[in-house]
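Visitor: I would like to take a close look at one single part of this structure. Could you walk me through a strand and what lies around it?

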Amino acid sequence: MSDDSIRSGRVQKAPENFLSRTGIKEVFAESKKGRRDFIRNAFAAAAAGVAAPVAMAQSNPVPSEGGDSNILNLPEHATGLGQGVATEGYGKPSKFEANLQRRQSPGLTQTTQSSVSFAPLQSLFGIVTPSGLHFERHHQGWWDIDPSKHRFMVNGMVKKNMVFTVDEIMRLPSVSRFHFIECGANTAVEWGNVAVPTVQYTHGMLSCSEFTGVPLITLLELAGADLKNGKFVLAEGGDGSSMTRTIPMSLITSGEVIVAYGQNGEMLRPENGYPLRLVVPGVQGVSWVKYLRRVEVGDKPYAAKDEAVHYMDLQPNGQHRQYTNIQEVKSVVTTPSGGQVLLDKGFYNITGLAWSGKGKIKRVDVSTDGGRNWRQARLETPVLSKALSRFNLDWVWDGKPAILQSRAQDETGHVQPTYQQLRGVRGTRSIYHNNAIQSWLVQENGEVKNVQVS
Amino acid sequence: MSRFRNALMTVALLAAAGLGAAQGSKYPGVGRDATPKEVAKWDIDVRPDFKGLPAGSGSVAKGQEVWESKCAQCHGVFGESNEVFSPLIGGTTAQDIKTGRVANLSRSDYPGRTTLMKVPTVSTLWDYINRAMPWTNPKTLSTEEVYAVTAFMLNLADIIPENYVLSDKNIAEVQARMPNRNGMSTQHAMWPGKEFGGLAKPDTANTVCMKDCKPEPMVASLLPDFARNAHGNLAEQNRIVGPQRGADTSRPEAKAGTPAAVATASPATVAKPENNESKAIVAMLNKNNCTACHGMDKKIVGPGFTEIAKKQAGKVDYLAGKIKGGGVGVWGQIPMPAQALPEADARRIAEWISKGAGK
């Protein structure tokens with residue numbers, strides 16, 4: 001068997017195979033060779049007053065000759081005729097926004113059909129992920145399925161096995177709700193050490209949309225499901241992988257689980273399961289089965305491939321935790337974040353996202369000194385259950401090194417853990433469910449780095 | 001039988017078939033009964049207690065045949081390959097088969113985790129091979145082939161002998177020999193509901209401390225310099241307007257005290273002209289599953305397209321023939337099967353490769 005070790009900054013193989021002891025050791029060894037004093041030295045250098053003032057591109061200098069040429073010389077768009085309506089039947093982002101793309105992490109997977117792409121969280125606002133930038137995780141490639149030929153079946157412990165067309169699903173009473181979806185393996189590469197440079201790659205298997213559809217319980221009741229003895233529901237996709245997952249009954253009977261067809265005001269995108277996908281609020285993305293073709297009511301769990309080979313959390317004692325579903329309380333500063341450069345000293349709005357699979361976010365605190373002292377951030381509206389919440393905090397950067405962190409608490413009182421706390425229980429080989437506090441080092445040259453702190 | 005009675009019978013039959021049920025429901029006219037044939041076609045899942053497992057059998061020997069023709073390209077002859085997917089076989093011992101716990105999973109220095117090290121339930125293997133394999137032609141194996149491939153894998157892991165015939169009759173005995181059958185726990189707080197017992201309290205109990213919460217932090221881990229540009233130029237991955245830019249990681253980092261490298265205002269990616277022919281070709285490559293085995297620039301199972309382009313520049317006829325007819329030996333010993341795409345498409349792809357396989 002070949003070694004599946006990773007070097008930090010160059011991850012290898014499938015997301016289920018992120019971790020390697022040798023890679024971790026390498027970085028730890030490097031950190032012991034003097035990197036440990038990095039921040040201390042940086043603070044010392046700043047205190048000695050040697051830092052030059054930071055002057056950057058696109059600053060807003062006081063004009064020397066009468067004024068800014070962008071004001072004095074009227075541009076073409078102020079002196080000409082613009083384009084007509086419906087030039088684009090389906091509008092696109094500005095050409096100046098072309099850098100915002102979902103991206104693969106180089107070396108992570110060998111094929112594109114069994115792979116992930118990460119959403120560019122560093123450049124997004126508010127809580128809604130534009131549908132075209134929604135992260136992707138495909139197990140056997142994606143399809144654009146003809147909705148007139150798609151069927152949805154309910155069987156198992158039901159009075160009547162039933163079949164529905166998409167037309168019929170869309171006739172039923174619908175609900176529209178905002179929910180986050182996060183891959184269970186989000187932030188997996190960071191369990192042992194820093195491995196990737198930006199928030200897109202550390203946290204980008206995360207998106208939030210308004211989903212529209214029919215509560216699954218409505219369809220189960222139509223089929224006369226035995227909800228007393230039927231304790232588990234299997235969801236199954238209609239594509240090549242025919243993904244299956246055991247869905248928690250408590251979330252179905254509460255009405256939270258939705259058979260969705262809508263996403264952000266339009267139909268689901270093909271990459272996200274058009275025409276039907278399951279929405280399982282608060283639960284990791286793998287349960288949100290795409291191209292949903294069937295649910296089965298049963299009295300036992302199913303131990304599907306993604307419950308008995310992958311999506312199990314290895315614990316330090318060598319045992320796997322099976323049926324780990326909930327995405328626990330988590331947050332991350334999205335700007336400033338790794339790979340960005342602050343243009344100048346002065347005022348900044350620290351902004352980020354917080355979420356919990358157990359309900360609403362109650363508060364978010366932000367530290368600029370690596371977790372010693374904290375300030376409570378503003379939570380922007382709306383703050384919704386099992387949805388992303390946006391937080392902001394005023395900050396004046398003095399040009400000295402700073403370490404930014406955010407720490408969320410959800411309505412159950414659960415507070416996002418530090419890496420030390422999380423590793424203390426789960427070790428570093430869990431792969432899944434890393435919800436530790438993220439650190440970003442703002443260096444005095446303005447460049448921001450992904451770091452983990454002692 | 002009178003026509004009247006026939007009509008009555010028809011109504012009664014329709015009611016029994018469920019039309020009546022839909023009409024009596026809260027949402028009349030929505031949904032219908034599934035036919036037994038429909039349910040049989042789609043209800044293919046197999047549970048750990050073997051509910052859903054079709055009757056049948058398959059030998060290790062037959063499994064080896066199927067494996068070598070349909071599985072080895074990606075998984076290796078012995079299920080050991082790490083080229084395309086994680087290794088399937090390896091890391092389990094005779095002792096593990098006795099205890100039901102894979103000892104290597106407790107070792108922090110053991111480099112990998114194979115499928116057979118992890119999977120506790122043999123039903124999972126059967127179910128997944130049946131529903132999703134082979135990767136590019138899922139659900140095309142016969143019941144006998146699924147039993148046989150499962151048997152072959154179990155034999156590679158020394159769970160069953162090489163003269164074994166796996167069947168619905170003896171699969172429970174095999175389950176009792178699965179190396180990691182006792183390796184699972186549901187004692188955690190991450191399943192919503194009480195079906196597994198589980199725990200109420202989460203693993204960690206951080207507090208909302210606000211002042212002097214810890215000693216001065218030190219950086220314990222950061223990206224080494226060699227990885228600076230490993231994810232591409234970050235300047236091209238950030239918005240070109242706003243309070244910050246992406247760092248230009250194509251250049252070394254600026255020294256402390258001097259401004260870091262920043263991209264200028266125009267995004268490098270905006271002006272790139274789109275190559276429509278290449279776009280169409282790439283779509284065609286995806287549609288025909290070429291990209292399952294060939295990367296754009298690098299080897300997956302077979303060589304990358306730009307690698308072929310270098311070696312076979314200008315050879316349109318040769319390349320078109322190879323696509324249609326398959327081959328072995330030019331790039332290694334893993335054969336490329338003959339491809340069933342239309343001649344015209346094969347030629348178009350061949351022309352594109354012969355001109356350099358540009359993006």
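**A strand and the chain contact**

Guide: In this predicted model, L342 of chain A has Q244(B) as its bridge partner in β6(B), and this pair belongs to an antiparallel pairing in which three bridges join strand β16 of chain A, residues 340–342, to β6(B). The strand to look at closely, however, is β24(A), which covers residues 448–453 and is mostly covered, with six of its six residues buried. Both of its faces are covered, since V448(A), N450(A) and Q452(A) are buried on one side, while K449(A), V451(A) and V453(A) are buried on the other.

Within chain A, strand β23, residues 439–442, runs antiparallel to β24(A) and is joined to it by four bridges, with N450(A) in β24(A) serving as the bridge partner of W440(A). The hairpin made by β23(A) and β24(A) has five residues between the strands, and there G446(A) takes a positive phi near 90 degrees.

β24(A) also pairs across to chain B, where strand β5, residues 219–222, meets it in the antiparallel sense over three bridges, and S221(B) in β5(B) is the bridge partner of Q452(A).

The contact as a whole takes 141 residues from chain A and 107 residues from chain B. On the side of chain B that touches chain A, the elements that each supply at least two residues include β5 and β6 (244–246), although α8(B) gives the most, with five residues. The residues of that side of chain B divide into 51 nonpolar, 33 polar and 23 charged.

Definitions and conventions. Residues are numbered from 1 along each chain as its sequence is written. Chains are lettered from A and ligands numbered from 1 in the order in which they are written. This is a predicted model: local features need pLDDT of at least 70, side-chain atom pairs count only at pLDDT 80 or more; totals for chains, interfaces and linings use all residues. A residue is buried if 20 or more other C-beta atoms lie within 10 Å of its own, exposed if 12 or fewer, and partly exposed in between; C-beta atoms are placed from the backbone. Two strands pair if DSSP finds at least two bridges between them. Two residues are in contact if their C-beta atoms, placed from the backbone, lie within 7 Å. Ala, Val, Leu, Ile, Met, Phe, Trp, Tyr, Cys and Pro count as nonpolar, Asp, Glu, Lys and Arg as charged, and the others, Gly among them, as polar.
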